[in-house]
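Please read the following walk through the model alongside the sequence and the coordinates. The text begins with confidence, then turns to the fold and to the aromatic side chains.

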Amino acid sequence: MSATLDLDQLIEAWRGPLIGLFAARGVAYGEAIELAQDVFAEAWIGRGRFQGAPNNTRAVGAWLSGIARNLHRASSRKRRPEPLEQGLAEQEPAPEASDHEVRAAELRRAIEALPDRERAVVQAFYFEETSSAHVAALLGIAPRAVEGLLRRARARLKESLESASVASS
Amino acid sequence: MTSHTTEIEPESEGELLSAFESLRPEPGEFAAGVRARIEEAEQREESQVARFAAAPERLRWAASILPPGLVAGATGAAGLAGKKLGFKLVPGLLAIPAITFLVLIGTFLGGVHSLRKEDGQPQDVEGDERAFASDWWKRNRKLVTVGFTILLLLALFQHTEVFTALIALSMISTVLLLGDLARAGLADRARVAKATARLLWWSGFLWFYTRDFLPVDPSGYPNWFSAVVLGFGAIGCLFAGGVLTWRMIGERIWYPDRRMLYPDAVTTFCLRGLYSFFALFAGAVILGGIGVMGLVVLNSTESRSHLVEFVEEFDAPITETHEWREFKSVSRSLASDGGTAPDFSQLRERVGAELASGAQTPFLGSGPILLELGVVSASEVPGLIEDARVHVDSHSAYRLDGNYLSAVRTLFEAGELSAEQHAQLTEHVRTGIAGISGVNSLETLLEATWVLDALGEGELVESLRPQVHAELLAHWRGAMAASHGAAFAQNAERESGWFTWRSLIHLDYVSTQQAVALMKRYGAPPEVDLGSVRETLRMGRSKGRATSWDDYSNRRDLLAVSALVQLEELAPEPVGPLSQLFKHRSLFGALLLICLCLFATLRAPKLEELA
């Protein structure tokens, strides 16, 4: 990122992790996208109050995370909480979906079943291709911790999908 | 149909990335959505700037000087400092005590900080509002500081009525100012609701913890009741502004899936440092509505029959002194009011049994009143008569006091008072009455009155009127300390502000009952507010109907009833809407303020109407 804040660069670098973060907090993906847009707008309007260096990932991440937290809190007051099952149902593929889409849905379901921290890391990291530094900055943990959580999450996903495969056969 | 079971293991990064492929937004559309939001916010701010610039100077000042977070953001055009501030500053200056006094404290405890942590709304006022406020403060800080200092000094060293009245006026003008800001489009409903709720909450909070320093309200309710009502009003404003909803409360304190209270709800409520005072007040607000229901049912037994019943059932041993002193006050008032005399057969039987067992009845305690009431005869208490005679003969030259007068009364009731002792008494009273002051002076004067009346010295009794009135005023507390109300105290002290409050002797109902008995005989001085005395006595009855003489608070209750019955004979309570309004003025004041706040809140436009 450049020495001054650039909106397009900001969006490009943090869009995926932010949406994934909201989704990990139980927000439906459609609304997560809206909330992420609100975060960027809010951040841009109040960029004069950002006190860190624009190329400091940790500082920017913490700043965006704070805005995201406030918006999520305000948003959750206004909407009725959506049961997890309903959210998952929206991700179910249509009957005519391809194998790829079906597999993707299975994988997302398995991700939803992960423990909270692992799920948050996976959704923030894999929603769009990003770095562990960005995810770490949003979650307020060390990049190494992100990598460790990712490793555990992948192992757990592998195990759960293998179990599901054995059960269905 | 393709089987939906999978045999693929998520071994590659690519597989995980592709799991979200269908959910990703189109980058260009996403960025466009962000820019649209930015543009909308900038347009909203521009309209805010325009409204701010177009607003009257008074409102621009208010928007700048009122707590951050009230106004929905305004930057832009400069040059807003007024020239001829003059009379337009009057409401502003009046508003300052309420804001400064309440918000400084509120700010310190995190009120403004919480306002700044808004619901994802744009952060607050920069630019012109700050410049305007800064410029105004530079020009007026001395005047404001002096004014506020005078206000504090008034409260600390003088009557607090002026302070309370100014604060109340200030709060009303502040609420009106908030309403004007909203109508000018400079504040939306939710923000007005938060501001009014803070005003009400903090005023109730401060009232709750400083009620002992504020003027007493003769309503008969505990003084914290109005504070609790203000707390409820604050909650009502939050609901009216849509800031608080039942669902929100539920989400904050209840885990529906776990079926348990949110742990932080308990700790937040009870344990957080400075906020514990806040939590206590919050608890009072919640429980106050329940507790006050019981207190409203008080004062149902202000009747003579209530006094008669307990006098007849009086069971203190004759060797006690303190309880008999109070029994004497109550039974004498019953004997003198012309009503049906109590039946003392039960008392006579019990006392007879005690005397037969060898117990002695002292003239400083039960003796004189037992003789007065005819419960015992002189022949049954020879020891009492002898002790009284010795005391009268040895103390006729001493300072006139209640013990001497009790001894004289004992001899008189026993038919043993000689003409010489009678003459000594009248001379003693004539020469010694002027020296009666200070502790127990009311009791001494009352005793002297009883004795002289019994001896037929009516003219001498009438000559005591100036002295009696002077002592009544010396012991009169007025509407001084809220928790003690308007009544009489043992020691004569001057009224003053907060700093000397703690030096006052605790007001007591014995002195008040004695004072009422004296006023019934000699008339009330004009300075004594009998209505306030009446309501203070009622407040003292908050424990409800007494059932036993053993407990001090129960005896106090009976003294209060005795005084109330006599007060009703002295000055019947006026009945009418205005008297009732005055009686409940604190409560009505609190309700008026709440209504103003609700009105200002509901008239304010919603945020979406401002855009």
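For residues 491–505 of chain B, how many contacts beyond four places in sequence does the model have? The model is a predicted one, and for this stretch it has 38 such contacts, while pLDDT stays under 50 throughout. A second stretch of chain B, residues 103–125, also stays under 50 in pLDDT, and here the model has 52 contacts beyond four places in sequence. Where pLDDT is low, the predicted coordinates should not be read in detail. Over the whole of chain B the average pLDDT is 69, and 60% of the residues score at least 70. For the complex, the predictor reports an ipTM of 0.87 and a pTM of 0.50.

Next comes the fold of chain B. Its secondary structure consists of 29 helices and 2 strands. Of the 611 residues in chain B, 48% are buried. Among contacts in chain B with a separation of 6 or more, 75% are between residues 24 or more positions apart. The chain exposes about 28400 Å², of which carbon and sulfur atoms supply 60%.

The aromatic side chains can be taken next. Over all chains, a search of the whole structure finds 9 aromatic pairs. One of them is formed by Tyr29(A) and Phe20(B), with ring centres 6.3 Å apart and 55° between the planes, a tilted arrangement. Why does this pair join two chains? Tyr29(A) lies in helix H2 of chain A, residues 29–45, whereas Phe20(B) lies in the loop of chain B between helix H1 (13–19) and helix H2 (27–54), so the pair joins two chains. Tyr29(A) and Phe20(B) are both buried. Ring pairs also bring in Phe127(A), linking Tyr29(A), Phe127(A) and Phe20(B) into a cluster.

Within chain A, Phe125(A) and Tyr126(A) form an aromatic pair, this one edge-to-face, at 4.9 Å centre to centre and 80° between the planes. Both Phe125(A) and Tyr126(A) are buried.

Charged side chains also sit over rings. In chain A, Arg47(A) lies over the face of Trp44(A), 4.1 Å from the ring centre. In chain B, the ring of Tyr522(B) has the charged end of Arg521(B) over it, at 5.6 Å from the centre of the ring.

Key
Residues are numbered from 1 along each chain as its sequence is written. Chains are lettered from A and ligands numbered from 1 in the order in which they are written. Side-chain values use heavy atoms; hydrogens and water are left out. pLDDT is the predictor's confidence in each residue, from 0 to 100. Contact means heavy atoms within 4.5 Å. Helices (H or I, at least four residues) and strands (E, at least two) are DSSP runs, numbered from the N terminus. Buried means under 20% relative accessible area, exposed over 50%, partly exposed in between (1.4 Å probe, protein chains only). Accessible areas come from the Shrake-Rupley method with a 1.4 Å probe; for residues, only the protein chains shown count as cover. Rings of Phe, Tyr and Trp (its six-membered ring) pair if their centres lie within 6.5 Å; planes under 30 degrees apart count as stacked, over 60 as edge-to-face and the rest as tilted. A charge sits over a ring if NZ of Lys or CZ of Arg is within 6 Å of the ring centre and within 35 degrees of the ring normal.
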